[in-house]
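Hi everyone, thanks for coming. I'd like to walk you through one protein model today, so have a look at the picture while I talk.

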Amino acid sequence: LVDGDGRMAPTIFAEMSVLAGRTGAVNLGQGAPDTPAPAAVREVAKRAIDDGVNQYAPGQGHPALLDAIAGHQQRFYGIDLDPASEILVTTGATEAIASTLLALIKPGDEVVIFEPFYDSYVAMIEMAGGVRRTVPMRAPDFSFGAADVRAAFSDRTAAVIVNNPHNPSGKVFSRDELTLIAGEAARVGAWIISDEVYEHLLFDGATHTPIATIPGAAERTVTISSAGKTFSVTGWKIGWLHAPAPITAAIRAVKQFLTYTSGAPFQPAIAEALSFSDDFFIGEAESLARRRDLLATGLAENAGVDVVTPSAGYFVIADVSSVTSDDALTFCRGLPARCGVVAVPVMALCTPGDEVAERMRALVRFAFCKRTSALESAVSRLKEL
Ligand code: PMP
Ligand code: GLN
């Protein structure tokens, strides 16, 4: 992530989006929908702008949004929150991750993460001066060993980051897995940071269990989510977190100096969206599941590669070893020229050169949060693979 001169490198998502822009390839790289946000949500944001909601929002978040987040957590998970002290609105989940790690980690502290990992965890652990300890996941089901989890935790562990549902794999952690992780965190006195941005994008009857609902976990858990994925508004950058009041206050103190506050007119719009009926959430997931199937079937039939069909999230993972001997990074850099499609190598979400990166060297992540026409075009181009 950081080069020899201490400069941060562009993320794999930025690199691949630039490549898509330059080549005109279908961009199945970055996990950003190309579908419109729900009209009702756009209307509320437009009205807020016209009504003058254009200055700094309250630092903790717009009161209507704080109430809506509390209402959402109660309605879907039975979690009771005090909107006045236990919730913080952030500039996307990205800022929630950043401000949480900066608040909770001191130089030399260890942070446990599961590999492959979302890239901002590693960057922010480094910026906070922490040291990462990884638990390796295994393809194709992205399972992990209980012994590896136990071995990663020690009295040096300050926090564990759980990404459930998981990017890039779409794995939904089981209650037993969450109980094991929560138990280890309690044993060594570590914080649990739970990134749940894909909480509503669940397929084939999968259900989401926030780790904060595992007995004993809530008191040590920071739960993070985002409007970007659930409402197809990744560009609005409205995220949030909830945690016990003193922790929320500590994270808010850091947020003041990162962004101070987050996008004012978008906050009442997301408050409205969080109160949509269950039909909305179910309908979005069903639409996404149909697009997942289109892409997964197309990859298997047209490109002849093995595909893991995920039970959550935005991505299918294909094993391209039957069509190339290159590693996935080289393969993805050449994919626009080869067949006009952009995708992301899973090894870019691993520690370069380590055992997990090596085992996942042929895995490629394709995003299906795209219009059916874009997916059909990609699938037909993949015949050239
Ligand atoms: N966490 C995960 C696992 C993600 O995939 C993403 C990408 N959207 C984020 C966090 C960042 O979310 P946001 O766009 O709300 O900052
Ligand atoms: N979360 C998105 C993904 O995994 C990308 C967000 C970003 O570009 N940082 O593709």
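Let's start with this: which strands does helix H11 lie across? Helix H11, residues 278-303, lies across S9, S10 and S13, and it runs at about 10 degrees to S10. One thing to keep in mind as we go: this is a predicted model.

Okay, now the sheet itself. Four strands make up an open sheet, and the order is S9-S10-S13-S12, with antiparallel pairing. S9 and strand S12 (344-345) are the edge strands, each with a single partner, so one side of each has no neighbour in the sheet. If sheets are new to you, here's the background: strands of a sheet pair through backbone hydrogen bonds, either parallel or antiparallel.

Let's zoom in on S10. Strand S9 (residues 306-308) pairs with S10 in the antiparallel sense over 3 bridges. One place to look is Val307, which stands opposite Ala318 in S10. The hairpin of S9 and S10 has 6 residues between the strands, and in that hairpin Gly313 takes a positive phi near 90 degrees.

Then there's S13, residues 363-367, which pairs with S10 over 5 bridges, again antiparallel. Here Phe315 has Ala367 as its bridge partner in S13, and Val316 stands opposite Phe366.

So is S10 enclosed, and why? Of the 5 residues in S10 (residues 315-319), 4 are buried, so the strand is largely enclosed by the rest of the structure.

Let's step back to the domains. The domain assignment gives us domain 1 (12-30 + 279-384) and domain 2 (39-274). Their centres, taken over C-alpha atoms, are 25 Å apart. How many residues of each are in contact? On the domain 1 side there are 25, and they contact 22 residues of domain 2. The elements giving two or more residues to that side of domain 1 are H11, S10, helix H13 (355-359) and S13. H11 has the largest share, with 6 residues. By class, the side of domain 1 that touches domain 2 has 17 nonpolar, 3 polar and 5 charged residues.

Now for the core. The general idea is that in soluble globular proteins, nonpolar side chains tend to be buried together. In this model, the largest nonpolar core has 127 residues, and Ala159, Ile270, Val364 and Phe366 touch the most other members. Helix H4 (residues 92-104) gives the most to this core, with 8 residues. The core draws at least three residues from each of domain 1 and domain 2. You've met Phe366 already: that's the residue in S13 opposite Val316.

Last stop is Ile270, which sits in helix H10. Helix H10 (residues 266-274) is mostly covered, with 9 of its 9 residues buried. Those include Phe266, Gln267 and Glu272. What do the buried residues of H10 pack against? They pack against helix H2 (39-50), helix H3 (63-77), strand S2 (87-91), helix H8 (227-230) and strand S8 (238-242). As for Ile270 itself, if we leave aside its neighbours within four places in sequence, it is in contact with Leu65, Ala227, Phe231 and Ile238.

That's my tour, thanks for listening!

Technical notes
Residues are numbered from 1 along each chain as its sequence is written. Chains are lettered from A and ligands numbered from 1 in the order in which they are written. This is a predicted model: local features need pLDDT of at least 70, side-chain atom pairs count only at pLDDT 80 or more; totals for chains, interfaces and linings use all residues. A residue is buried if 20 or more other C-beta atoms lie within 10 Å of its own, exposed if 12 or fewer, and partly exposed in between; C-beta atoms are placed from the backbone. Two strands pair if DSSP finds at least two bridges between them. A nonpolar core is a set of buried Ala, Val, Leu, Ile, Met, Phe, Trp, Tyr and Cys residues joined through C-beta atoms within 7 Å. Domain bounds come from an automatic or database domain assignment. Two residues are in contact if their C-beta atoms, placed from the backbone, lie within 7 Å. Axes are lines fitted to C-alpha atoms, for helices over the stretch in contact, and angles run from 0 to 180 degrees between N-to-C directions. Ala, Val, Leu, Ile, Met, Phe, Trp, Tyr, Cys and Pro count as nonpolar, Asp, Glu, Lys and Arg as charged, and the others, Gly among them, as polar.
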